[in-house]
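Welcome, and please have your viewer ready. We will take a short walk through the chain, one selection at a time.

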Amino acid sequence: MTICAFANDFSKVTVFEVKVPISSHYLAFTDPVTDPVIQLLKLLAQGELSSSEMRARLGIKHRANFRDNYIHPAISLGLIVQTIPEKPNSRLQKYKLTARAIKYLEKIK
């Protein structure tokens, strides 16, 4: 919901409400869940995976694009977490789904 206000004169203000239809991909998230993130979630539904394992299974070679289009958006939406958060650069780092991601996947099935 967005509320906008316009004033021709500071003593008079017109306020109106704008309603925008929301697609099922929003599901109470502030940002839309993109198709790459949905692919990543479906892949991680099978179990914990490292970044290189996910890239291999998705057929993606470029690490930076994978990180920017898949990993970072999923983490920022609270859909995946690192298995070793205290060591984000560990060679043993893997990613797993959060409860929020599991609930989201159930809704889009």
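Contact on this tour means heavy atoms within 4.5 Å. Keep in mind, too, that you are looking at a predicted model.

**Stop one: the whole chain.** Show everything as a cartoon and color by secondary structure. You should find four helices and four strands. Trace them from the N terminus and the order reads β-β-α-α-α-β-β-α. Now switch on the surface: the accessible area comes to about 8,000 Å², and carbon and sulfur atoms account for 53% of that. Of the 109 residues, 26% count as buried. If you draw the contacts between residues at least 6 apart in sequence, 43% of them join residues at least 24 apart.

**Stop two: the loop after α1.** Select Ser50, which sits in the loop between α1 and α2 (51-58). Is Ser50 buried or exposed? Its relative accessible area is 12%, and the cut-off for buried is under 20%, so Ser50 counts as buried. Which residues touch Ser50, once neighbours within four places in sequence are set aside? Add Gln93 and Lys94 to your selection, and you have them.

**Stop three: α1 against α2.** Two packed helices are described by the angle between their axes and the distance between the axes. For α1 and α2, the angle is about 110 degrees and the axes lie 11 Å apart. The pair is therefore roughly perpendicular. To see the contact itself, show side chains for Gln39, Leu40, Leu43 and Leu44 on α1, then Met54, Arg57 and Leu58 on α2. Color these by type and you get five nonpolar residues, one polar and one charged.

**Stop four: helix α4.** Move on to residues 99-108 and pick out Ala101, Tyr104 and Leu105, the buried residues of α4. Why do they share a side of the helix? They span an arc of only 100 degrees around the axis, so they fall on the same side of α4. A general point helps here: an α-helix has 3.6 residues a turn, so residues three or four places apart point the same way.

Next, show what lies against that side: the buried residues of α4 pack against α1 (35-44) and β4 (95-97). Finally, rotate to the other side of α4, where Ala99, Lys103, Glu106 and Lys107 are exposed.

Terms used
Residues are numbered from 1 along each chain as its sequence is written. This is a predicted model: local features need pLDDT of at least 70, side-chain atom pairs count only at pLDDT 80 or more; totals for chains, interfaces and linings use all residues. Side-chain values use heavy atoms; hydrogens and water are left out. Buried means under 20% relative accessible area, exposed over 50%, partly exposed in between (1.4 Å probe, protein chains only). Helices (H or I, at least four residues) and strands (E, at least two) are DSSP runs, numbered from the N terminus. The arc is that of the directions from the helix axis to the C-beta atoms. Accessible areas come from the Shrake-Rupley method with a 1.4 Å probe; for residues, only the protein chains shown count as cover. Axes are lines fitted to C-alpha atoms, for helices over the stretch in contact, and angles run from 0 to 180 degrees between N-to-C directions. Angles under 35 degrees count as roughly parallel, over 145 as roughly antiparallel, 65 to 115 as roughly perpendicular and the rest as oblique. Ala, Val, Leu, Ile, Met, Phe, Trp, Tyr, Cys and Pro count as nonpolar, Asp, Glu, Lys and Arg as charged, and the others, Gly among them, as polar.
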